[in-house]
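Visitor: I would like a close look at a single part of this model, taken slowly and with the values stated. Please show me the structure before I say which part I have in mind.

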Amino acid sequence: MSNTDLHAATSPSHEPAAYRVDPPAMPAHRIADDAEAIDVARQLAADFRTGALLRDRERRLPWAELDALSHSGLLALRVPRSHGGAGVSYTTVGRVVATVSEADPSLGQLFLSILLANAIVEAVGTPAQQAELFGKVLAGWRWGNGHAEAGGPRSGVTTTTLVRRADGNYVLDGCKFYATGALFSHLVSVGAVDEVGRAVTAVLDRHAPGLSIVDDWDGFGQRTTASGTLVAEGVVVEPGRVLDSERARAISGSFGLPDLVHSAIDLGIARAAADDAIAYTRGRARGHGRAGVQQAVDDPYVRQEVGNLVVRVHAAEALLERGTRLFDAAQGGDAAARDEATVALAEAKILTTEAALLASNVIFQLGGASSTRAQHGLDRHWRNARTHTVHDPVHWKYPLIGGHYLARGRLA
(Lines give C-alpha, C1' and ligand atoms only; values in the text may rest on other atoms or scores of the structure.)
Protein backbone atom coordinates (compact mmCIF):
# COMPACT_ATOMS: atom_id res chain seq x y z
CA MET A 1 0.00 0.00 0.00
CA SER A 2 1.44 3.34 -1.01
CA ASN A 3 1.79 6.52 1.01
CA THR A 4 -0.43 8.21 -1.59
CA ASP A 5 -3.25 5.75 -0.89
CA LEU A 6 -2.95 6.27 2.85
CA HIS A 7 -3.00 10.07 2.63
CA ALA A 8 -6.03 9.93 0.33
CA ALA A 9 -7.80 7.74 2.86
CA THR A 10 -7.05 10.15 5.72
CA SER A 11 -8.23 13.30 3.97
CA PRO A 12 -10.52 15.48 6.14
CA SER A 13 -14.20 14.59 6.22
CA HIS A 14 -17.24 15.73 8.17
CA GLU A 15 -18.96 13.53 10.71
CA PRO A 16 -21.96 11.78 9.17
CA ALA A 17 -25.31 13.22 10.15
CA ALA A 18 -26.61 11.51 13.29
CA TYR A 19 -23.50 9.29 13.24
CA ARG A 20 -24.65 7.47 10.12
CA VAL A 21 -22.20 4.68 9.25
CA ASP A 22 -22.41 3.63 5.61
CA PRO A 23 -20.53 0.73 3.98
CA PRO A 24 -17.00 1.60 2.83
CA ALA A 25 -16.96 3.76 -0.29
CA MET A 26 -13.98 1.90 -1.78
CA PRO A 27 -12.68 -1.66 -1.60
CA ALA A 28 -10.27 -2.22 1.25
CA HIS A 29 -6.65 -2.99 0.61
CA ARG A 30 -5.67 -6.65 1.13
CA ILE A 31 -2.71 -7.13 3.47
CA ALA A 32 -0.45 -9.82 2.05
CA ASP A 33 1.67 -10.87 5.03
CA ASP A 34 3.07 -9.95 8.44
CA ALA A 35 5.77 -7.65 7.09
CA GLU A 36 3.29 -5.59 5.09
CA ALA A 37 0.97 -5.35 8.10
CA ILE A 38 3.71 -3.76 10.20
CA ASP A 39 4.72 -1.43 7.38
CA VAL A 40 1.14 -0.23 6.82
CA ALA A 41 0.68 0.29 10.57
CA ARG A 42 3.76 2.52 10.65
CA GLN A 43 2.51 4.57 7.70
CA LEU A 44 -0.91 5.05 9.26
CA ALA A 45 0.57 5.87 12.67
CA ALA A 46 2.59 8.71 11.15
CA ASP A 47 -0.67 10.27 9.92
CA PHE A 48 -2.65 9.53 13.08
CA ARG A 49 0.00 11.13 15.30
CA THR A 50 -0.34 14.56 13.71
CA GLY A 51 -3.91 15.15 14.86
CA ALA A 52 -3.96 13.12 18.08
CA LEU A 53 -3.50 16.07 20.45
CA LEU A 54 -6.31 18.09 18.86
CA ARG A 55 -8.67 15.10 18.74
CA ASP A 56 -8.10 14.57 22.45
CA ARG A 57 -8.36 18.25 23.41
CA GLU A 58 -11.58 18.91 21.47
CA ARG A 59 -12.93 15.35 21.51
CA ARG A 60 -13.07 15.19 17.74
CA LEU A 61 -14.30 11.72 16.89
CA PRO A 62 -11.88 10.00 14.48
CA TRP A 63 -14.14 9.36 11.50
CA ALA A 64 -11.47 10.05 8.86
CA GLU A 65 -8.86 8.00 10.73
CA LEU A 66 -11.26 5.07 11.03
CA ASP A 67 -12.01 5.26 7.32
CA ALA A 68 -8.25 5.04 6.78
CA LEU A 69 -8.06 1.96 9.02
CA SER A 70 -10.91 0.37 7.06
CA HIS A 71 -9.23 1.13 3.76
CA SER A 72 -5.80 -0.05 4.91
CA GLY A 73 -6.81 -3.68 5.49
CA LEU A 74 -5.42 -3.70 9.03
CA LEU A 75 -8.82 -4.54 10.50
CA ALA A 76 -8.75 -7.84 8.60
CA LEU A 77 -5.38 -8.98 9.95
CA ARG A 78 -6.70 -12.20 11.45
CA VAL A 79 -9.07 -13.27 8.67
CA PRO A 80 -7.80 -16.76 7.77
CA ARG A 81 -5.92 -17.27 4.53
CA SER A 82 -8.55 -19.83 3.58
CA HIS A 83 -11.04 -16.96 3.38
CA GLY A 84 -8.79 -14.50 1.56
CA GLY A 85 -7.15 -12.83 4.57
CA ALA A 86 -3.53 -12.55 5.64
CA GLY A 87 -3.95 -14.66 8.78
CA VAL A 88 -1.02 -12.87 10.42
CA SER A 89 0.49 -14.04 13.70
CA TYR A 90 -0.63 -12.66 17.03
CA THR A 91 2.92 -11.45 17.50
CA THR A 92 2.33 -9.18 14.51
CA VAL A 93 -1.07 -8.18 15.88
CA GLY A 94 0.64 -7.03 19.10
CA ARG A 95 3.17 -4.98 17.16
CA VAL A 96 0.50 -3.40 14.97
CA VAL A 97 -1.74 -2.43 17.90
CA ALA A 98 1.22 -1.00 19.84
CA THR A 99 2.32 1.03 16.80
CA VAL A 100 -1.14 2.51 16.22
CA SER A 101 -1.59 3.12 19.97
CA GLU A 102 1.70 4.97 20.19
CA ALA A 103 0.18 7.48 17.76
CA ASP A 104 -3.33 7.45 19.27
CA PRO A 105 -4.35 4.84 21.87
CA SER A 106 -8.05 5.53 21.32
CA LEU A 107 -7.63 4.16 17.80
CA GLY A 108 -5.61 1.22 19.07
CA GLN A 109 -8.42 0.27 21.45
CA LEU A 110 -10.81 -0.21 18.54
CA PHE A 111 -8.93 -3.32 17.36
CA LEU A 112 -10.07 -5.56 20.22
CA SER A 113 -13.72 -5.93 19.23
CA ILE A 114 -12.98 -7.02 15.68
CA LEU A 115 -10.19 -9.38 16.75
CA LEU A 116 -12.46 -11.11 19.29
CA ALA A 117 -15.31 -11.31 16.79
CA ASN A 118 -12.95 -12.74 14.18
CA ALA A 119 -11.77 -15.45 16.60
CA ILE A 120 -15.34 -16.46 17.49
CA VAL A 121 -16.46 -16.60 13.86
CA GLU A 122 -13.42 -18.70 12.99
CA ALA A 123 -14.10 -21.09 15.88
CA VAL A 124 -17.88 -21.63 15.77
CA GLY A 125 -19.21 -19.87 12.69
CA THR A 126 -20.97 -21.96 10.07
CA PRO A 127 -19.53 -21.88 6.55
CA ALA A 128 -22.28 -19.41 5.58
CA GLN A 129 -21.53 -17.17 8.58
CA GLN A 130 -17.81 -17.26 7.86
CA ALA A 131 -18.32 -16.40 4.20
CA GLU A 132 -20.58 -13.45 5.01
CA LEU A 133 -18.79 -12.00 8.04
CA PHE A 134 -15.20 -12.54 6.91
CA GLY A 135 -16.20 -11.08 3.55
CA LYS A 136 -17.47 -7.91 5.21
CA VAL A 137 -14.32 -7.55 7.33
CA LEU A 138 -12.15 -7.96 4.24
CA ALA A 139 -14.24 -5.29 2.52
CA GLY A 140 -13.38 -2.85 5.34
CA TRP A 141 -16.45 -3.11 7.55
CA ARG A 142 -15.72 -2.08 11.13
CA TRP A 143 -16.91 -4.17 14.05
CA GLY A 144 -17.76 -2.79 17.49
CA ASN A 145 -19.00 -4.45 20.65
CA GLY A 146 -21.68 -4.37 23.32
CA HIS A 147 -20.75 -6.81 26.07
CA ALA A 148 -20.15 -5.04 29.40
CA GLU A 149 -23.10 -3.90 31.49
CA ALA A 150 -23.08 -1.12 34.06
CA GLY A 151 -24.53 -1.43 37.56
CA GLY A 152 -25.35 -4.67 39.31
CA PRO A 153 -23.61 -6.23 42.30
CA ARG A 154 -20.55 -7.35 40.34
CA SER A 155 -19.00 -7.05 36.90
CA GLY A 156 -19.29 -9.73 34.26
CA VAL A 157 -23.00 -10.43 34.76
CA THR A 158 -25.14 -10.41 31.59
CA THR A 159 -28.82 -9.53 31.82
CA THR A 160 -29.36 -8.85 28.11
CA THR A 161 -31.61 -11.55 26.63
CA LEU A 162 -31.91 -13.20 23.22
CA VAL A 163 -35.23 -15.05 22.96
CA ARG A 164 -36.37 -17.18 20.04
CA ARG A 165 -39.73 -16.37 18.46
CA ALA A 166 -42.20 -18.75 16.85
CA ASP A 167 -41.05 -17.69 13.38
CA GLY A 168 -37.47 -18.85 14.09
CA ASN A 169 -35.98 -15.40 14.48
CA TYR A 170 -34.72 -14.02 17.80
CA VAL A 171 -35.47 -10.85 19.75
CA LEU A 172 -32.69 -9.01 21.60
CA ASP A 173 -33.37 -6.77 24.60
CA GLY A 174 -30.91 -5.13 26.98
CA CYS A 175 -28.61 -2.23 27.79
CA LYS A 176 -24.81 -2.13 27.59
CA PHE A 177 -22.10 0.30 28.56
CA TYR A 178 -18.44 0.56 27.47
CA ALA A 179 -19.64 -0.27 23.94
CA THR A 180 -16.24 0.60 22.48
CA GLY A 181 -16.28 1.25 18.76
CA ALA A 182 -20.00 0.54 18.32
CA LEU A 183 -20.79 4.13 17.37
CA PHE A 184 -18.33 3.95 14.48
CA SER A 185 -18.96 0.40 13.27
CA HIS A 186 -20.93 -1.34 10.57
CA LEU A 187 -21.39 -4.49 12.68
CA VAL A 188 -21.84 -4.77 16.44
CA SER A 189 -21.44 -7.90 18.60
CA VAL A 190 -23.82 -7.91 21.55
CA GLY A 191 -23.43 -10.44 24.33
CA ALA A 192 -26.61 -11.98 25.72
CA VAL A 193 -28.07 -15.06 27.40
CA ASP A 194 -30.67 -17.27 25.76
CA GLU A 195 -33.76 -18.88 27.33
CA VAL A 196 -31.67 -21.47 29.18
CA GLY A 197 -29.01 -19.02 30.37
CA ARG A 198 -26.40 -19.97 27.79
CA ALA A 199 -24.02 -17.26 26.57
CA VAL A 200 -24.63 -16.19 22.97
CA THR A 201 -23.55 -13.34 20.72
CA ALA A 202 -25.87 -11.49 18.38
CA VAL A 203 -24.22 -9.82 15.39
CA LEU A 204 -26.22 -6.72 14.49
CA ASP A 205 -26.12 -4.27 11.66
CA ARG A 206 -25.22 -0.86 13.08
CA HIS A 207 -28.57 0.68 12.10
CA ALA A 208 -30.81 -2.28 12.88
CA PRO A 209 -34.31 -1.17 13.98
CA GLY A 210 -34.46 -0.99 17.77
CA LEU A 211 -30.70 -0.54 18.22
CA SER A 212 -29.58 2.77 19.72
CA ILE A 213 -25.99 3.78 20.42
CA VAL A 214 -25.59 6.86 22.59
CA ASP A 215 -22.41 8.94 22.51
CA ASP A 216 -22.31 9.54 26.27
CA TRP A 217 -18.75 8.41 27.05
CA ASP A 218 -17.24 11.13 29.26
CA GLY A 219 -14.13 9.46 30.66
CA PHE A 220 -11.20 11.83 31.11
CA GLY A 221 -8.95 9.55 29.05
CA GLN A 222 -9.34 7.51 25.86
CA ARG A 223 -11.78 10.28 25.03
CA THR A 224 -12.48 9.38 21.39
CA THR A 225 -13.29 5.68 21.74
CA ALA A 226 -16.99 6.59 22.10
CA SER A 227 -17.29 3.81 24.71
CA GLY A 228 -20.81 4.80 25.69
CA THR A 229 -24.26 3.25 25.98
CA LEU A 230 -25.90 0.70 23.69
CA VAL A 231 -29.62 -0.04 23.99
CA ALA A 232 -31.38 -2.92 22.23
CA GLU A 233 -35.18 -2.78 22.33
CA GLY A 234 -36.88 -5.61 20.50
CA VAL A 235 -34.13 -5.96 17.91
CA VAL A 236 -34.95 -8.81 15.54
CA VAL A 237 -31.98 -11.10 14.91
CA GLU A 238 -31.88 -13.76 12.22
CA PRO A 239 -30.51 -17.21 13.18
CA GLY A 240 -27.58 -16.69 10.83
CA ARG A 241 -26.43 -13.78 12.99
CA VAL A 242 -26.27 -15.72 16.26
CA LEU A 243 -22.98 -17.20 17.49
CA ASP A 244 -22.50 -19.72 20.29
CA SER A 245 -20.09 -17.76 22.47
CA GLU A 246 -20.24 -20.36 25.25
CA ARG A 247 -18.82 -22.98 22.91
CA ALA A 248 -16.38 -20.45 21.46
CA ARG A 249 -14.88 -19.79 24.89
CA ALA A 250 -14.04 -23.46 25.20
CA ILE A 251 -12.55 -24.07 21.75
CA SER A 252 -11.43 -20.76 20.26
CA GLY A 253 -7.99 -19.25 20.55
CA SER A 254 -9.41 -16.00 21.91
CA PHE A 255 -8.67 -16.70 25.60
CA GLY A 256 -5.67 -14.35 25.77
CA LEU A 257 -6.77 -11.67 23.34
CA PRO A 258 -7.95 -9.07 25.89
CA ASP A 259 -4.62 -9.15 27.75
CA LEU A 260 -2.68 -9.10 24.49
CA VAL A 261 -4.49 -6.11 23.02
CA HIS A 262 -4.74 -4.14 26.27
CA SER A 263 -1.02 -4.70 26.88
CA ALA A 264 -0.17 -3.50 23.38
CA ILE A 265 -2.26 -0.35 23.90
CA ASP A 266 -0.53 0.37 27.22
CA LEU A 267 2.86 -0.23 25.61
CA GLY A 268 1.97 2.31 22.91
CA ILE A 269 1.02 4.86 25.58
CA ALA A 270 4.29 4.18 27.44
CA ARG A 271 6.39 4.65 24.30
CA ALA A 272 4.63 7.89 23.35
CA ALA A 273 4.97 9.33 26.85
CA ALA A 274 8.61 8.28 27.13
CA ASP A 275 9.45 9.83 23.75
CA ASP A 276 7.71 13.07 24.73
CA ALA A 277 9.49 13.07 28.10
CA ILE A 278 12.88 12.75 26.42
CA ALA A 279 12.06 15.34 23.74
CA TYR A 280 10.73 17.85 26.28
CA THR A 281 13.72 17.35 28.57
CA ARG A 282 16.17 17.84 25.70
CA GLY A 283 14.43 20.84 24.20
CA ARG A 284 12.73 22.75 27.02
CA ALA A 285 13.57 21.58 30.55
CA ARG A 286 15.97 23.80 32.47
CA GLY A 287 18.77 22.63 34.73
CA HIS A 288 17.93 22.82 38.43
CA GLY A 289 19.89 25.44 40.34
CA ARG A 290 21.06 23.01 43.03
CA ALA A 291 22.25 20.47 40.46
CA GLY A 292 25.08 22.74 39.36
CA VAL A 293 24.40 22.16 35.65
CA GLN A 294 23.24 24.46 32.86
CA GLN A 295 21.04 21.94 31.06
CA ALA A 296 18.61 19.39 32.43
CA VAL A 297 20.18 16.66 30.28
CA ASP A 298 23.38 16.98 32.34
CA ASP A 299 21.58 16.52 35.68
CA PRO A 300 22.46 13.09 37.19
CA TYR A 301 18.94 12.80 38.63
CA VAL A 302 17.41 13.39 35.21
CA ARG A 303 19.69 10.83 33.61
CA GLN A 304 18.82 8.28 36.28
CA GLU A 305 15.09 8.80 35.83
CA VAL A 306 15.33 8.52 32.03
CA GLY A 307 17.50 5.42 32.31
CA ASN A 308 15.04 3.76 34.68
CA LEU A 309 12.14 4.64 32.38
CA VAL A 310 13.85 3.28 29.25
CA VAL A 311 14.70 -0.02 30.99
CA ARG A 312 11.10 -0.49 32.09
CA VAL A 313 9.63 0.31 28.67
CA HIS A 314 12.06 -2.07 26.98
CA ALA A 315 11.26 -4.76 29.57
CA ALA A 316 7.54 -4.31 28.88
CA GLU A 317 8.22 -4.69 25.15
CA ALA A 318 10.15 -7.89 25.76
CA LEU A 319 7.45 -9.44 27.95
CA LEU A 320 4.76 -8.62 25.41
CA GLU A 321 6.83 -10.17 22.61
CA ARG A 322 7.29 -13.30 24.73
CA GLY A 323 3.60 -13.41 25.56
CA THR A 324 2.48 -13.06 21.95
CA ARG A 325 4.89 -15.77 20.79
CA LEU A 326 3.55 -18.19 23.40
CA PHE A 327 -0.01 -17.20 22.46
CA ASP A 328 0.74 -18.03 18.83
CA ALA A 329 2.20 -21.37 19.89
CA ALA A 330 -0.89 -22.14 21.99
CA GLN A 331 -3.35 -21.76 19.12
CA GLY A 332 -4.83 -25.22 18.75
CA GLY A 333 -2.55 -26.47 21.52
CA ASP A 334 -3.26 -28.33 24.74
CA ALA A 335 -4.26 -26.97 28.15
CA ALA A 336 -0.63 -26.68 29.28
CA ALA A 337 0.23 -24.45 26.31
CA ARG A 338 -2.83 -22.29 26.95
CA ASP A 339 -1.91 -21.91 30.62
CA GLU A 340 1.65 -20.95 29.68
CA ALA A 341 0.40 -18.29 27.28
CA THR A 342 -2.18 -16.98 29.76
CA VAL A 343 0.46 -16.50 32.44
CA ALA A 344 2.93 -14.89 30.03
CA LEU A 345 0.32 -12.40 28.84
CA ALA A 346 -0.63 -11.65 32.46
CA GLU A 347 3.03 -10.80 33.10
CA ALA A 348 3.01 -8.52 30.07
CA LYS A 349 -0.18 -6.82 31.24
CA ILE A 350 1.41 -6.02 34.60
CA LEU A 351 4.60 -4.56 33.17
CA THR A 352 2.97 -2.60 30.34
CA THR A 353 0.57 -1.10 32.89
CA GLU A 354 3.47 -0.06 35.11
CA ALA A 355 5.44 1.34 32.17
CA ALA A 356 2.50 3.43 30.92
CA LEU A 357 1.79 4.88 34.36
CA LEU A 358 5.47 5.53 35.07
CA ALA A 359 6.18 7.22 31.72
CA SER A 360 3.11 9.43 31.93
CA ASN A 361 4.12 10.58 35.44
CA VAL A 362 7.86 10.97 34.90
CA ILE A 363 7.25 13.33 31.99
CA PHE A 364 6.20 16.02 34.52
CA GLN A 365 8.93 15.23 37.02
CA LEU A 366 11.50 15.83 34.30
CA GLY A 367 9.75 18.71 32.54
CA GLY A 368 8.88 20.75 35.61
CA ALA A 369 5.96 23.12 36.06
CA SER A 370 6.03 24.43 32.50
CA SER A 371 5.38 20.93 31.15
CA THR A 372 1.89 21.02 32.68
CA ARG A 373 0.77 23.86 30.41
CA ALA A 374 -2.26 22.97 28.29
CA GLN A 375 -0.53 24.00 25.06
CA HIS A 376 1.76 20.97 25.28
CA GLY A 377 -1.05 18.45 25.85
CA LEU A 378 1.25 16.13 27.77
CA ASP A 379 -1.48 15.37 30.29
CA ARG A 380 -3.25 13.24 27.67
CA HIS A 381 -0.68 10.48 28.19
CA TRP A 382 -1.46 10.28 31.91
CA ARG A 383 -5.22 10.48 31.33
CA ASN A 384 -5.07 7.77 28.68
CA ALA A 385 -2.84 5.53 30.80
CA ARG A 386 -4.90 5.97 33.96
CA THR A 387 -8.16 5.33 32.11
CA HIS A 388 -7.05 2.40 30.01
CA THR A 389 -4.98 0.50 32.57
CA VAL A 390 -8.03 -0.12 34.77
CA HIS A 391 -9.37 -2.52 32.14
CA ASP A 392 -9.05 -5.87 33.92
CA PRO A 393 -7.04 -4.53 36.91
CA VAL A 394 -3.60 -6.09 37.28
CA HIS A 395 -3.91 -6.95 40.97
CA TRP A 396 -5.74 -10.10 39.87
CA LYS A 397 -2.76 -11.12 37.76
CA TYR A 398 -0.22 -11.62 40.55
CA PRO A 399 -1.98 -14.57 42.28
CA LEU A 400 -2.51 -16.22 38.89
CA ILE A 401 1.19 -15.98 38.08
CA GLY A 402 2.30 -17.01 41.56
CA GLY A 403 -0.01 -20.02 41.63
CA HIS A 404 1.22 -21.16 38.22
CA TYR A 405 4.88 -21.16 39.18
CA LEU A 406 4.28 -22.63 42.62
CA ALA A 407 2.45 -25.55 41.01
CA ARG A 408 5.23 -25.98 38.46
CA GLY A 409 7.94 -25.80 41.12
CA ARG A 410 10.46 -23.91 39.00
CA LEU A 411 10.79 -20.78 36.92
CA ALA A 412 11.35 -22.40 33.52
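Visitor: My request concerns the salt bridges, and one residue in particular: is Arg383 buried or exposed, and what is its relative accessible area?

Guide: Please keep in mind throughout that this is a predicted model. Arg383 is buried, with a relative accessible area of 14%, and this falls under the 20% that marks the limit for a buried residue. Its salt-bridge partner is Asp379, and the closest N and O atoms of this pair are 2.9 Å apart. Asp379, for its part, is partly exposed at a relative accessible area of 33%. Both residues belong to helix 12, which covers residues 379-388, and because they are 4 residues apart there, about one helical turn separates them. An α-helix has 3.6 residues a turn, so residues three or four places apart point the same way.

That pair can be set beside others, since a search of the whole structure finds 23 salt bridges. Among them is the one between Asp104 and Arg55, where the closest N and O atoms are 2.9 Å apart. Here the pair ties together parts that are 49 residues apart in sequence, because Asp104 lies in the loop between helix 4 (90-103) and helix 5 (105-109), while Arg55 lies in helix 2. Asp104 is buried at a relative accessible area of 6%, and Arg55 is buried as well, with a value of 5%. Through salt bridges that share partners, Arg55 and Asp104 are joined with Glu65 into one network. A further salt bridge brings together the side chains of Arg165 and Asp167, at 2.6 Å from N to O. Arg165 counts as partly exposed, with 35% relative accessibility, and Asp167 is likewise partly exposed, at 48%.

Since Arg55 sits in helix 2, that helix deserves a careful description of its own. Helix 2 runs over residues 34-58, which makes 25 residues, and from its first C-alpha to its last it reaches 35 Å, close to the 36 Å expected at 1.5 Å a residue. The helix nevertheless contains a kink of about 45°, centred on Gly51. At its start, a side-chain oxygen of Asp33 comes to within 3.4 Å of the backbone nitrogen of Ala35, and just after the helix Arg59 takes a positive phi of about 45°.

Strand 4 offers another view of burial, this time in a strand. It covers residues 187-193, and 7 of its 7 residues are buried. Both of its faces are covered, with Leu187, Ser189, Gly191 and Val193 buried on one side and Val188, Val190 and Ala192 buried on the other. Strand 4 runs parallel to strand 1 (residues 143-146), to which 4 bridges join it, and within this pairing Val190 of strand 4 is the bridge partner of Gly146. With strand 5 (residues 199-205) the arrangement is antiparallel and involves 7 bridges, one of which pairs Ser189 with Val203 of strand 5. The hairpin of strand 4 and strand 5 has 5 residues between the strands, and in this hairpin Gly197 takes a positive phi near 85°.

To return to your request, Arg383 is buried at 14%, whereas its partner Asp379 is partly exposed at 33%.

Note on methods
Residues numbered from 1 in each chain as written. Predicted model: local features only at pLDDT ≥ 70, side-chain atom pairs only at ≥ 80, totals over all residues. Heavy atoms only, no water. Helix = DSSP H or I, 4+ residues; strand = E, 2+ residues; numbered from the N terminus. Expected span 1.5 Å × (residues − 1). Bend = angle between axes of the 7 residues up to and from the residue. Polar contact = N/O pair within 3.5 Å; in protein donor to acceptor, adjacent residues only side chain to side chain. Buried < 20%, exposed > 50% of the residue type's maximum accessible area, 1.4 Å probe, protein only. Pairing = 2+ DSSP bridges. Salt bridge = Lys/Arg side-chain N within 4 Å of Asp/Glu carboxyl O.
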